Amino acid sequence: MGVKDCVPTLLGYLSIGFAAGVVEKTAGMSIAEIALMSLLLYAGSGQFIAAGMIAASNPISAIIFTVFFINLRHLLLSAAIAPYFRHLNPWKNMSVGALLTDETFGVSITHMQNKRQASYKWMLGLNITAYLNWIIANIAGGYFGKWIPNPESFGLDFALPGMFIGLLVLQILSQKKYFVDIMVAISAVIIVIIVSFFSSGSTGVMVAAILASTVGMVIEKWR
């Protein structure tokens, strides 16, 4: 069932993964390096950022540090679905968390509403299907990327946020908690703007993700 529920995400992953492969190819990476990055890093935003920093000849330490902080949100994603997998042993829990992405989180958290436990086989099917599709799409983008020297002209650099916005809208409509969602969105925008005056935009996004989530939790608890 997890494979079936992943099908809508596959189409988005094909375009995003292809775009990531193209960007990585234009950054000077080989097909083997692109495959290895998608296999080990497996993070759309992280791979886009890493490719851009590689193209700009940034030091390895800076790339690692940046990707690490960009992907810290996965701790929040894992923490959000952890209660549904308390019945599993640590190894199975790690296998679930290791392949969790923004998109599979969106699908799974919607699927698991009003449930006390989640099926490990369902989650594994969802994660592995998305994972394999992502790797294939990256390699395809890297191979055909030599014929697309300027991916930004096709809007490929916006493929990732575009897909995530679509999944976010679907999740909001399914939960029907419009007041909480609107308050979280407003809080996030305000926090990003304020933090951006004192730090970088990426830092503002991370701070907003944490604080806006906290605002949503407090409103939902005391409403």
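**Exercise 1. The residue after helix 2**

Helix 2 is followed by Y42, a residue with a positive phi, near 45°. Find where Y42 lies and work out whether Y42 is buried or exposed.

*Solution.* A word before we start: the model you are looking at is predicted.

Step 1. Place the residue. Y42 sits in the loop between helix 2 and helix 3 (44–55).

Step 2. Look at the backbone. Phi of Y42 is positive, about 45°, although Y42 is not a glycine. For comparison, most residues other than glycine have a negative phi.

Step 3. Check the accessibility. Y42 has a relative accessibility of 6%, and buried means under 20%, so Y42 counts as buried.

**Exercise 2. A second positive phi**

Now turn to S57: in which loop is its place, and is S57 buried or exposed?

*Solution.* Step 1. Go to the loop between helix 3 and helix 4 (60–70), where S57 is found.

Step 2. Read the phi angle. S57 is not a glycine, yet its phi is positive, near 60°.

Step 3. Compare the accessible area with the cut-off. Exposed means over 50%, and the relative accessible area of S57 is 63%, so S57 is exposed.

Step 4. Put the pair side by side. Y42 is buried, whereas S57 is exposed.

**Exercise 3. The two sides of helix 2**

Which residues of helix 2 are buried, and which elements are among those that cover them?

*Solution.* Step 1. List the buried residues: I34, M37 and S38.

Step 2. Ask how they are arranged. Their arc around the axis is only 95°, which means that they lie on the same side of helix 2. The spacing rule behind this is a handy one: an α-helix has 3.6 residues a turn, so residues three or four places apart point the same way.

Step 3. Turn to the other side of helix 2, where A32 and L40 are exposed.

Step 4. Find the cover. The buried residues of helix 2 are covered by elements including helix 1 (2–26), helix 3 and helix 8.

**Exercise 4. One residue of helix 2, followed across the chain**

L39 belongs to helix 2 (residues 31–40). With which residues is L39 in contact, leaving aside its neighbours within four places in sequence?

*Solution.* Step 1. Settle the accessibility. L39 has a relative accessible area of 39%, so L39 is partly exposed.

Step 2. Name the partners. Beyond those neighbours, L39 is in contact with Y131 and I135.

Step 3. Compare sequence and space. L39 and I136 are 97 residues apart in sequence, while their C-alpha atoms are 9.9 Å apart.

Step 4. Step back to the whole chain. Of the contacts between residues at least 6 apart in sequence, 77% join residues at least 24 apart.

**Exercise 5. The two sides of helix 5**

Which residues of helix 5 (residues 73–81) are buried, and which are exposed on the other side?

*Solution.* Step 1. Pick out the buried residues, H74, L77 and I81.

Step 2. Use the arc. The three cover only 55° around the axis, so they are on the same side of helix 5.

Step 3. On the other side of helix 5, L75 and A79 are exposed.

Step 4. Identify what covers the buried residues of helix 5: helix 6 (90–98), helix 7 (102–111) and helix 8 (120–144) are included.

**Exercise 6. Two helix pairs**

Describe how helix 5 packs with helix 7, then how helix 6 packs with helix 8.

*Solution.* Step 1. Recall the scheme. Two packed helices are described by the angle between their axes and the distance between the axes.

Step 2. Take helix 5 and helix 7. Their axes cross at roughly 20° and come within 11 Å. That angle is why helix 5 is roughly parallel to helix 7. Their crossing is left-handed.

Step 3. List the residues in this contact. Helix 5 gives R73, L77, A80 and I81, and helix 7 gives D102, F105, S108 and I109. By class, five are nonpolar, one is polar and two are charged.

Step 4. Take helix 6 and helix 8. They pack at about 35°, with axes 9 Å apart. This crossing, too, is left-handed.

Step 5. Finish with the residues. K92, S95 and V96 of helix 6 meet Y120, M123, L124 and N127 of helix 8. Four of the residues in this contact are nonpolar, two polar and one charged.

Notes: Residues numbered from 1 in each chain as written. Predicted model: local features only at pLDDT ≥ 70, side-chain atom pairs only at ≥ 80, totals over all residues. Heavy atoms only, no water. Buried < 20%, exposed > 50% of the residue type's maximum accessible area, 1.4 Å probe, protein only. Helix = DSSP H or I, 4+ residues; strand = E, 2+ residues; numbered from the N terminus. Arc of directions from axis to C-beta. Contact = heavy atoms within 4.5 Å. Axes fitted to C-alpha atoms, helices over the stretch in contact; angles between N-to-C directions. Left-handed = near helix turned anticlockwise from the far one by under 90°. Nonpolar A, V, L, I, M, F, W, Y, C, P; charged D, E, K, R; others polar. Parallel < 35°, antiparallel > 145°, perpendicular 65-115°, else oblique.
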